[in-house]
Amino acid sequence: MRAWVVHRPGPVATGPLRLVERDRPAPGPGEVLLRVSVCGVCRTDLHLAEGDLPPRRPGVTPGHEVVGTVEATGEGTSRFAPGDRVGVAWLRSTDGVCRFCRRGAENLCPGSTYTGWDADGGYAEYTVVPEGFAYVLPESWPDEKAAPLLCAGIIGYRALRRAQLPPGGRLGIYGFGASAHLAAQVALAQGATVHVLTRSAGARELALTLGAASAGDAYDAPPEPLDSAILFAPVGDLVPVGLAALDRGGTLAVAGIHLTDVPVLDYERHLFYERQLRSVTANTRADGEEFLRLADRLHLRVTTTPYPLDRAADALADLAADRVHGAAVLHVDD
Ligand SMILES: [Zn+2]
Ligand SMILES: [Zn+2]
């Protein structure tokens, strides 16, 4: 089969990914084999390719927003049958026994593994997934629109919850890519006023189309103080900017897995009056199930930019340069 691998991590212009021929994987015990239809392109894939996330395995295949069809099932599986449509997300396994797993915080499990980081992901014609960590996707959703829900959507949803937005509150969103454009729609459906702050003119336009009250440049001040803010851009310099934009008691949640250095904060300007700075780490399966139901019920509009599998490297380069409208997706089965 054809598969992309992280060959030599480095700036995307240096060609860190290679398209290679590999044997089709076999499903191990508890796993199912999928024929991949569509795989979303996530900023985490870019961090992995560029070495911001240290590779956990040489030659790993990225991709953790996978929609595919079950081709074969491994020993001891019972949840899916050949022909079923299945989604694969970032969280791939947990130990199930640690203090975090036992209290419903499996996203913090120290023994967790991740798709496209610890194990090969969906930038390939076939992939395997432990059946307990696969998702049933809402039926009416086409593959191309369902794929971005699996990381961009789920993580954006967790970030929104971590931002503790009060009912009818004022939400600031810094950076407006795949994840942000889905989280914004959930917030709007819940009655929030949304202000988007991003350097990309195209993204500002998309934000206004989706119902944002305002769209400014990344470092602009929003037109009113914010109850909550989410930082989607992986830019530490925006942390004090987002904190300064908060009203008293406001919360800034940092959604990304990687952030450049955060500058020195000024206690009075950035944190006093009980403002909070929080991180967001992966998601639990319960977050995923809940978000997929919500996406279906709210008829979220998923904006995608499609690429064929052999143009995955271009998709990552476009993502790095803010040239992607909404979510980039790879059509693997074309
Ligand atoms: Zn655990
Ligand atoms: Zn992701």
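Select the zinc ion (ligand 2) in this predicted model. Its protein donors are Cys42 through SG, His64 through NE2 and Cys151 through SG, at distances of 2.0 to 2.2 Å. Along the sequence these donor residues follow the spacing C-x21-H-x86-C. Cys42 and Cys151 are 109 residues apart, and the pair links distant parts of the chain. To find them, look for Cys42 in the loop between β3 (31–41) and α1 (43–50), and for Cys151 in the loop between α3 (143–146) and α4 (152–162). Both Cys42 and Cys151 are buried.

Stay at this zinc ion and select its histidine donor, His64. His64 sits in the loop between α1 and β4 (66–73). Is His64 buried or exposed? His64 has a relative accessible area of 1%, so it counts as buried. Now display what surrounds the side chain and backbone. Leaving out residues up to four places away in sequence, His64 touches Cys39, Cys42, Thr44, Asp45, Val88, Ala89, Trp90, Thr115, Leu150 and Cys151. That list includes Cys42 and Cys151, the other two protein donors of the zinc ion (ligand 2). For a distance to check in the viewer, pick the C-alpha atoms of His64 and Tyr123: they are 8.5 Å apart, with the two positions 59 residues apart along the chain.

Next, select the zinc ion (ligand 1). Which protein atoms are its donors? They are an OD atom of Asp95 and the SG atoms of Cys98, Cys101 and Cys109, lying 2.0 to 2.3 Å from the ion. The spacing of these residues in the chain is D-x2-C-x2-C-x7-C. Cys98 lies in the loop between β6 (91–93) and α2 (99–102), while Cys109 lies eleven residues away in the loop between α2 and β7 (113–114).

Why is the arrangement around the zinc ion (ligand 1) called tetrahedral? The four donor atoms subtend angles of 96 to 117 degrees at the ion, and that range makes the arrangement tetrahedral. The cut-off used here requires all angles of a four-donor site to lie between 85 and 135 degrees. For reference, the ideal angle for four tetrahedral donors is 109.5 degrees. Two of the cysteines can be checked for burial. Cys98 has a relative accessible area of 12% and is buried; Cys109, at 4%, is buried as well.

From Cys109, move to Asn107, which is in the loop between α2 and β7. Asn107 counts as buried because its relative accessibility is 3%, under the 20% cut-off. Apart from neighbours within four places in sequence, Asn107 is in contact with Tyr114, Arg158, Thr281, Ala282, Asn283 and Thr284. One of these contacts can be checked by distance: the C-alpha atoms of Asn107 and Thr281 are separated by 6.5 Å, although the residues are 174 places apart along the chain.

Arg158, just met as a contact of Asn107, leads to a pair of helices. Select α4 together with α9 (residues 285–297): the two pack with their axes 9 Å apart, at an angle of about 100 degrees. That angle makes α4 roughly perpendicular to α9. On the α4 side the contact is made by Gly153, Ile154, Tyr157, Arg158 and Arg161, and on the α9 side by Asp287, Gly288, Glu290, Phe291 and Leu294. By class, these residues comprise four nonpolar, two polar and four charged.

A second helix pair to select is α1 with α10 (residues 312–320). Their axes come within 10 Å and cross at roughly 100 degrees, which makes α1 roughly perpendicular to α10. Arg43, Asp45, Leu46 and Ala49 of α1 meet Leu316, Leu319 and Ala320 of α10. The contact has five nonpolar and two charged residues, and no polar ones. Asp45 also appears among the contacts of His64.

Finish with two backbone details. Select Tyr273 in the loop between α8 (267–271) and β15 (276–279). Its phi is near 65 degrees, a positive value in a residue other than glycine. Tyr273 is partly exposed, at 34% relative accessible area. Then select His299, in the loop between α9 and β16 (304–308). The phi of His299, near 50 degrees, is again positive in a residue that is not glycine. His299 counts as exposed, with 63% relative accessibility.

How values were computed: Residues numbered from 1 in each chain as written. Chains lettered and ligands numbered in written order. Predicted model: local features only at pLDDT ≥ 70, side-chain atom pairs only at ≥ 80, totals over all residues. Heavy atoms only, no water. Donors = N, O, S within 2.8 Å, 3.2 Å for Na, K, Ca; no water. Tetrahedral: all angles 85-135°; square planar, octahedral: opposite > 155°, others 65-115°. Helix = DSSP H or I, 4+ residues; strand = E, 2+ residues; numbered from the N terminus. Buried < 20%, exposed > 50% of the residue type's maximum accessible area, 1.4 Å probe, protein only. Axes fitted to C-alpha atoms, helices over the stretch in contact; angles between N-to-C directions. Parallel < 35°, antiparallel > 145°, perpendicular 65-115°, else oblique. Contact = heavy atoms within 4.5 Å. Nonpolar A, V, L, I, M, F, W, Y, C, P; charged D, E, K, R; others polar.
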